[in-house]
Amino acid sequence: MSGSGPWSVRFEPHGKRVLVPDGTLLAEAAAMAGLALEQACGGRGQCGRCRIVIRHPQVEPSPVERKFFVVEELEEGWRLACQIAVHCDMVVEIPVRSLAVGCAQILAEHHPLEWKPAHPPVRKTSFNFSPNELATETALLAHVEKKLGPVFVPLAVARKVAELNPHQKACWTAVVEMPEPVALSLEPAKATEKHEEKPEQVAPEIAVSSQGRGAPTGAGLPTLLDLRAGGEADRLCAVAFDIGTTTIVANLVDLSTGRVLAVASAVNPQIRFGEDVISRIELCRRHSDGTSLLYQAVHEACRGLLENLCTDAGISRRDIFVATFAGNTTMLHLVAGINPASLGEAPFRPVFKRELICRAEDLGLPIHPLAQVYIFPVIGPFVGGDTIAGMLAVRLWERPSPALLVDIGTNGEIVLSHPGKLVATATAAGPAFEGVRIRCGMRAVAGAIERLRLADGELSWEVIGPAQPAGLCGSGLVDLVALLLQSGIVTTSGRMLSPEEAAEQLPDKLSKRLLRVDGRPAFEVVPGTASASGQSIVFTQQDVRQLQLAAGAIRAGVTVLCQLVGVDPGELQEVWVAGAFGNYLRPESAQAIGLLPQAIPTQRIRFAGNTSLAGATLAAVSLEARALARWLADSVRHVELALLPEFRRAFAEGMIFPDPRPSPAL
């Protein structure tokens, strides 16, 4: 059947049906049905993530699809949604692991903060007008200034004051934005011999002064954001956003108490344009409307989260007077509507490095229009505000002994704190830890295998959510490689045993799991009878290579930073692992594959959770935290690994897995 359309496309097992014009790509049709597909490459047929099964009619595979599927899969109807144009009515099945959205395991929790910040950026003050005061000809705003002291009054607030009748309501509440701290005296912790004794930590000295940088238009004065008739009834709130490449998380905070009132999260809708920052930068470089599309997508998600937060906390959106954004350098450019194209070409420089401050109405945020918006400063093109927020959350600069902060993702951000020194870098680990370019890889959504154990030759697994296993997410992949190394199925060079070698060297229970896929060795993790798709979940020789590259890049980055400051990895007293992926890692597995230094005891590895959100929350409630963030952005030494010959050597060494250590079954 052919013609001009429109054509009906039914998506199973969801039972959703859409009518689309002739020539519409199946990936676009799925999006129209509310089923966003994984497209790490932005729909260019390079990642193989948008796998679907065409149940009707038969469609000839393209040369691109022949690269991603074996003959048996092609015969079953497996195709890539980004490669198939609709020219007739179709029935399509979407496997769970091909969906970009769903019950994502989005991390909102973080390690308890070790400090109580002071100096909130916005304060609320209540006062009364006496009858005698109102009997004079003095201007209303002059009366307000007598109560508050000198303030800058935006035009919108002056207009509102004109509509208020002080004779009807004698009690008033002013919401005032405070100037920024201008004096910051901070000294990192001093080194101690052998790092044994903890020295007295030097506390930062913060001075809040009306001579500071001040509000965006306030010339250093406090700014009157709102004036309301009444007492203390209204809430004074802030919202903190962690803008991740894959997910967005937000905290709603009471500015008066610092208490978190509500938390909300969502998948970053920018993933439909590509899962990594490089693909999004390329979109902005090549298309005139690329920045606008990505800006609109991220703010669409933020508006949805704000609605959920306010509903959960029972407040009005106009009660939110502060918003902060932490994220990597690309995400912060996009949330501000700034084209990040300069990050994609040499010399790879950001448009801004220091913090950006504007009003909510400038970004179209549906909160109080004069609410202050704070966008984190960045360290470098690929070491962004999320890293600064992480350092704030764990107070990394105050550690009296060598300490490491690692955020493991598509880019691995690494910061080494040696008393008196802070050094940071980013290493292109690649998307393997997100499940990208792994044959049966997937993100941490329902159906993903997140943990594996091997005991007496029997393999067991834990799956996210009440679902059958559909694929392997990052933490499950790390567990699996660790098990394969310890059992001898994968050598330290990364070679997987062939089925024939396995039959000679391994117990039957394990050797029977070795098979061949595309003529190369593969390990069957889950048989087809137990999987969600009915197909075996396998881990291939090519998948091992992808994990080698990712783990080797992180390992090399840690090694080089340690060399630069003269610290042996075994001297690290604390290793903080940040982010969603790290929170579900098992330290033993991470060390077994060389992702984290083997030389340090496992108990020194600490999982800090979502430190980007924690730091964004601190900046929402504390001018002190913002002053520290600026100091960190200016003080941290940024290292470009690609320019260092020692990195190339360390990366080559990091590609070799560590020798398996005798250990109990994981």
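A salt bridge is a side-chain nitrogen of Lys or Arg within 4 Å of a carboxyl oxygen of Asp or Glu. The structure is a predicted model, in which local features need pLDDT of at least 70 and side-chain atom pairs count only at pLDDT 80 or more, while totals for chains, interfaces and linings use all residues. Residues are numbered from 1 along each chain as its sequence is written, and side-chain values use heavy atoms, with hydrogens and water left out.

**Exercise 1. Salt bridges around D226**

Task: Find which residues form a salt bridge with D226, and state whether D226 is buried or exposed.

Solution. Step 1: R228 forms a salt bridge with D226, with the closest N and O atoms 2.9 Å apart. K160 also forms a salt bridge with D226, and here the closest N and O atoms are 2.7 Å apart.

Step 2: Place K160 and D226 in the chain. Helices (H or I, at least four residues) and strands (E, at least two) are DSSP runs, numbered from the N terminus. K160 lies in helix 6 (residues 155-163) and D226 in strand 10 (residues 223-229), so the pair ties together parts that are 66 residues apart in sequence.

Step 3: Check the exposure. Buried means under 20% relative accessible area, exposed over 50%, and partly exposed in between (1.4 Å probe, protein chains only). D226 has a relative accessible area of 1% and is therefore buried. R228 is buried at 13%, and K160 is partly exposed at 27%.

Step 4: Widen the view. K160, D226, R228 and D319 are linked in a network of salt bridges. In the whole model the count comes to 22 salt bridges.

**Exercise 2. A salt bridge within a helix**

Task: Explain why E282 and R286 are separated by about one helical turn.

Solution. Step 1: E282 forms a salt bridge with R286, the closest N and O atoms being 2.9 Å apart.

Step 2: An α-helix has 3.6 residues a turn, so residues three or four places apart point the same way.

Step 3: E282 and R286 are 4 residues apart in helix 7 (residues 277-286), so about one helical turn separates them. R286 has a relative accessible area of 66% and is exposed.

**Exercise 3. Lengths of two helices**

Task: Work out what span helix 12 should have and what span helix 15 should have, and compare each with the model.

Solution. Step 1: The expected span of a helix is 1.5 Å times one less than its number of residues.

Step 2: Helix 12 (residues 474-487) has 14 residues and should span 20 Å; its end C-alpha atoms are 20 Å apart, which agrees. Of these 14 residues 13 are buried, so helix 12 is largely enclosed by the rest of the structure. Just after helix 12, G488 takes a positive phi of about 85°.

Step 3: Helix 15 (residues 541-565) has 25 residues and should span 36 Å; its end C-alpha atoms are 37 Å apart, which agrees. Helix 15 is mostly covered, with 18 of its 25 residues buried. G566, just after helix 15, has a positive phi of about 75°.

**Exercise 4. An open sheet**

Task: Determine which strands stand at the edges of the sheet with the order 2-1-5-3-4.

Solution. Step 1: Two strands pair if DSSP finds at least two bridges between them. The open sheet is formed by 5 strands, and the pairing is mixed.

Step 2: Strand 2 (16-20) and strand 4 (78-80) stand at the edges, each with a single partner strand, so one side of each has no neighbour in the sheet.

Step 3: Look inside the sheet. Strand 3 (residues 51-56) and strand 5 (residues 90-93) pair in the antiparallel sense over 3 bridges. H56 stands opposite V91 in strand 5.

**Exercise 5. Aromatic pairs**

Task: Classify the pair F69 and W78 and the pair W397 and W631.

Solution. Step 1: Rings of Phe, Tyr and Trp (its six-membered ring) pair if their centres lie within 6.5 Å; planes under 30 degrees apart count as stacked, over 60 as edge-to-face and the rest as tilted. The count comes to 5 aromatic pairs.

Step 2: F69 and W78 are 6.3 Å apart centre to centre with 40° between the planes, and the pair is tilted. F69 is buried at 4% relative accessibility, and W78 is buried at 5%.

Step 3: The rings of W397 and W631 have centres 6.4 Å apart and planes at 70°, so this pair is edge-to-face.
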